[in-house]
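Visitor: I'm new to this one. Can you walk me through it?
Guide: Sure, here it is.

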Amino acid sequence: QVQLVESGGGLVQAGGSLRLSCAASGSIFSINAMGWYRQAPGKERELVATCLSGGSTTYADSVKGRFTISRDNAKNTVYLQMNNLRPEDTAVYYCTTTAKTMGVWWTDYWGQGTQVTVSS
């Protein structure tokens, strides 16, 4: 009922930047949180950053000061600006949202993921 389409991943050298985008579509009535998680090979999925509808944000300690999450509520889109990338940021990045759709209460939805690879 909610589709999340991510874009912006790729290969970058250490110290470089990437910007991820994620657009939510479907029979959306309301969206609360939007955010990003990541999963590196052999590791568990971990929180990167989240942004509530009112604008408050949360970041993992490992990305504070380097990553910035933002959202455009009119477009149901969330962004992740990633600066000063490090090899340890290499992972599949997943977009997620908590949304209420017609006839369905608040539910978490996930995108397919986009690969970010940082070379040293």
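Guide: This is a predicted model. Let's start with strand pairing. β9 and β11 pair in the antiparallel sense, over three bridges.

Visitor: Which residue in β11 is the bridge partner of V92?
Guide: Q115 is the partner of V92 there.

Visitor: And β2, how many bridges does that strand make with β11?
Guide: Four bridges, and β2 and β11 pair in the parallel sense. Strand β2 covers residues 10-13. Within this pairing, L11 stands opposite T117 in β11.

Visitor: Which residues of β11 are on the covered face?
Guide: T114, V116 and V118 are on the covered face. The uncovered face has Q115, T117 and S119. So the two bridge residues we met in β11 sit on the uncovered side: Q115 and T117.

Visitor: What about β1, which residues are covered and which uncovered?
Guide: Strand β1 spans residues 2-7. V2, L4 and E6 make up its covered face. Q3, V5 and S7 make up the uncovered one.

Visitor: How do β1 and β3 run, parallel or antiparallel?
Guide: Antiparallel, with six bridges joining them. Take L4 from the covered face of β1. The bridge partner of L4 in β3 is A24.

Visitor: New topic. How many disulfides does a search of the whole structure find?
Guide: One. C22 and C95 form that disulfide, with their sulfur atoms 2.0 Å apart.

Visitor: Where in the chain are C22 and C95?
Guide: C22 is in strand β3, residues 18-26. C95 is in strand β9, residues 91-101. They are 73 residues apart, and the pair links distant parts of the chain.

Visitor: Is the link of C22 and C95 left-handed or right-handed?
Guide: Left-handed, with -85 degrees about the S-S bond.

Visitor: Are those two cysteines buried or exposed?
Guide: C22 is buried, at 0% relative accessibility. C95 is buried too, also at 0%.

Visitor: Why is C51 not bonded to another cysteine?
Guide: The closest cysteine sulfur, in C95, is 12 Å from the sulfur of C51, so the two are too far apart for a bond. C51 itself counts as buried, at 3% relative accessibility.

Visitor: Let's do aromatics. How many aromatic pairs turn up?
Guide: Two, from a search of the whole structure. In one of them, the ring centres of Y37 and W110 are 5.1 Å apart. Their planes are at 65 degrees, so the pair is edge-to-face.

Visitor: Where do Y37 and W110 sit in the chain?
Guide: Y37 is in strand β4, residues 28-39. W110 is in strand β10, residues 104-110. This pair links distant parts of the chain, 73 residues apart.

Visitor: How accessible are Y37 and W110?
Guide: Y37 is partly exposed, at 25% relative accessibility. W110 is partly exposed as well, at 38%.

Visitor: What arrangement do W105 and W106 have?
Guide: They form an edge-to-face pair. The distance is 6.4 Å centre to centre, and the planes are at 70 degrees. W105 is exposed, with a relative accessible area of 60%. W106 counts as partly exposed, at 33%.

Visitor: Which rings does the charged end of R45 sit over?
Guide: One is the ring of Y94, with the charged end of R45 3.7 Å from its centre. Another is the ring of W110, with a distance of 4.8 Å from its centre. We met W110 before, as the partner of Y37.

Visitor: Back to β9. What is T101 in contact with?
Guide: T101 lies in strand β9. Leaving aside neighbours within four places in sequence, T101 is in contact with Q1, V2, S27, I28, F29 and Y109. T101 is buried, with a relative accessible area of 3%.

Visitor: Last one. What is phi of N76, and where is that residue?
Guide: Phi of N76 is near 50 degrees, a positive value in a residue other than glycine. N76 is in the loop between β7 (67-72) and β8 (77-82). N76 is partly exposed, with a relative accessible area of 23%.

Visitor: And what about N84?
Guide: Phi of N84 is also positive, near 50 degrees. N84 lies in the loop between β8 and β9. With a relative accessible area of 42%, N84 is partly exposed.

Definitions and conventions:
Residues are numbered from 1 along each chain as its sequence is written. This is a predicted model: local features need pLDDT of at least 70, side-chain atom pairs count only at pLDDT 80 or more; totals for chains, interfaces and linings use all residues. Side-chain values use heavy atoms; hydrogens and water are left out. Rings of Phe, Tyr and Trp (its six-membered ring) pair if their centres lie within 6.5 Å; planes under 30 degrees apart count as stacked, over 60 as edge-to-face and the rest as tilted. Buried means under 20% relative accessible area, exposed over 50%, partly exposed in between (1.4 Å probe, protein chains only). A charge sits over a ring if NZ of Lys or CZ of Arg is within 6 Å of the ring centre and within 35 degrees of the ring normal. A disulfide is a pair of cysteine sulfur atoms within 2.5 Å. Contact means heavy atoms within 4.5 Å. Two strands pair if DSSP finds at least two bridges between them.
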